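Student: I would like to go through the labels used for this model and ask what stands behind each of them.

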Amino acid sequence: MLSVGAIVPAYNAAPHIEETLSPLCKQSLPLSEIIVVDDASTDNTVDIVLSLSERYKSIKLKSLSVNSGPAIARNRGLEIINTDLVLFMDADDIADSRLVEKEYQRLQELKSVSSGNWVLCHSAYSIIDSSGKLVAHIIRWKQIYPEETLGYQFVRNHISLSGVLVSKTVVLNVGGFDPLLKFSEDCDLWLRLASYGGFAYVDEPLVQVRRHRNNTSGRLNNVLYAEKTILSKYPLDVIEGAIYKRHLPWWVNASDFVSILYRLDYWDRGYAVIQEVVNKKSDYANGFFFLGLYYLHVGVWKEAANCFIKAIELEPNNGATLNNLGALLALNGKADEAISLLTKAIELFPGYLDAGNNLENFKQGQLNFENVRFTWRELRPVLTRYQE
């Protein structure tokens, strides 16, 4: 049986570190090591960890002298840990007592029935606020084939870093976490790991991921910038080829490729692709959504609105389309229609920041082309929510 350990980077984690470490020490499949890498905390994180280490001998503390960020802290943990498999956890998240056992079993199950190489396992997860209150429905994904993994990861990350069980050797082979990335360093690693093999998935919420409102705006902007930086590492033909390996209809793959072209500012190339989608698949709502985004980008508002109207006719509950059309109508002074669409978007997707911002500013008579928030990609089925 392969040995399993955990790496937990911690910076000023005193409020939640014990709540994170205790379940790791009580796993149904025990962890042989739990490496806590303190990133030069200024609170009493170290004291709490040392106290817990007296009770649980698996806990080992490594302290960094200079605050270096989670990527470097995790890499330091990878250098120290002596196990075959590594579980990554953030210092304020909570693992189910069956997390390690369930994910280990899933990896072994897939390896026994498939000739593919499976390098990590992740699970569904729930989102809690700083007090531990559940603030969103369960975030789920699905089991995909190894050859599809890279394409899906290019389009959108579906993996919570906390709760990922991964081969230590493979992580080291791909270079570990990029120390230059301060945001989305996990997404960058998943892309490199996807070139090695498939990602196993357990469809049970085995991790509680904690979110905080106080860093929402800055972090969202930084994450978008980091995402663009990461995607820019890859040639477009590599991205396109990976996306079209997914076992999906061609028009879905094409539209998802367009979403990446837009994010990388290849707007005209994206326009050519999405025009083909709309011409050949006129009943596909996302084709008109992405065509509408192009017209938004170039400032052709009437054509954008017409595309969004068509998309809503085909898919009435498309949240991003409801927001974008509602915002355009609001800017055009069509109050009743705008409020109806924006309200519907918020009801369908609680915590939808773009729609909430647009509705509030419009009701206050302050919505304009400077502060309007259009949504430039499809929404997740369940949005990540941030609470105080």
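Tutor: This is a predicted model. We can start with serine 167, which touches Asp84, Leu85 and Val119, leaving aside residues up to four places away in sequence.

Student: What makes these touches count as contacts?

Tutor: Contact requires heavy atoms within 4.5 Å, and serine 167 meets that with Asp84, Leu85 and Val119. For leucine 85 there is also a backbone value: its C-alpha is 4.6 Å from that of serine 167, although the two residues are 82 apart in sequence. Serine 167 lies in strand E7, residues 164–167.

Student: Why is serine 167 called buried?

Tutor: Buried means a relative accessible area under 20%. Serine 167 has 17%, so the residue is buried.

Student: Which relative accessible areas put cysteine 121 and cysteine 307 in a class?

Tutor: Cysteine 121 has 0% and therefore counts as buried. Cysteine 307 has 6%, which is under the 20% limit, so cysteine 307 is buried.

Student: How do you know that cysteine 121 is in no disulfide?

Tutor: A search of the whole structure gives 0 disulfides. For cysteine 121, the nearest cysteine sulfur belongs to cysteine 187 and is 18 Å away. A disulfide needs two cysteine sulfur atoms within 2.5 Å, so this pair does not qualify.

Student: Why are H13 and H14 called oblique?

Tutor: Helix H13 (residues 301–314) and helix H14 (residues 319–331) pack at about 140°, with axes 9 Å apart. Roughly antiparallel requires an angle over 145 degrees, and roughly perpendicular covers 65 to 115. An angle of about 140° fits neither, so H13 and H14 are oblique to each other. Their crossing is left-handed.

Student: Which residues of H13 and H14 meet, and how many of them are nonpolar, polar or charged?

Tutor: On the H13 side they are Trp301, Ala304, Ala305, Phe308, Ile309, Ala311 and Ile312; on the H14 side they are Thr321, Leu322, Asn324, Leu325 and Leu328. The classes are 10 nonpolar, 2 polar and no charged residues. Thr and Asn are not on the nonpolar or charged lists, so they count as polar.

Student: What describes the packing of H12 against H14?

Tutor: Helix H12 (residues 285–298) packs on H14 at about 35°, with the axes 11 Å apart. The crossing of H12 and H14 is left-handed. Phe289, Leu293 and Leu296 of H12 make the contact with Ala320, Thr321, Asn324 and Leu328 of H14. By class, the contact of H12 with H14 has 5 nonpolar, 2 polar and no charged residues.

Terms used. Residues are numbered from 1 along each chain as its sequence is written. This is a predicted model: local features need pLDDT of at least 70, side-chain atom pairs count only at pLDDT 80 or more; totals for chains, interfaces and linings use all residues. Side-chain values use heavy atoms; hydrogens and water are left out. Buried means under 20% relative accessible area, exposed over 50%, partly exposed in between (1.4 Å probe, protein chains only). Axes are lines fitted to C-alpha atoms, for helices over the stretch in contact, and angles run from 0 to 180 degrees between N-to-C directions. Helices (H or I, at least four residues) and strands (E, at least two) are DSSP runs, numbered from the N terminus. Angles under 35 degrees count as roughly parallel, over 145 as roughly antiparallel, 65 to 115 as roughly perpendicular and the rest as oblique. A crossing is left-handed if the near helix is turned anticlockwise from the far one by less than a right angle, and right-handed if clockwise.
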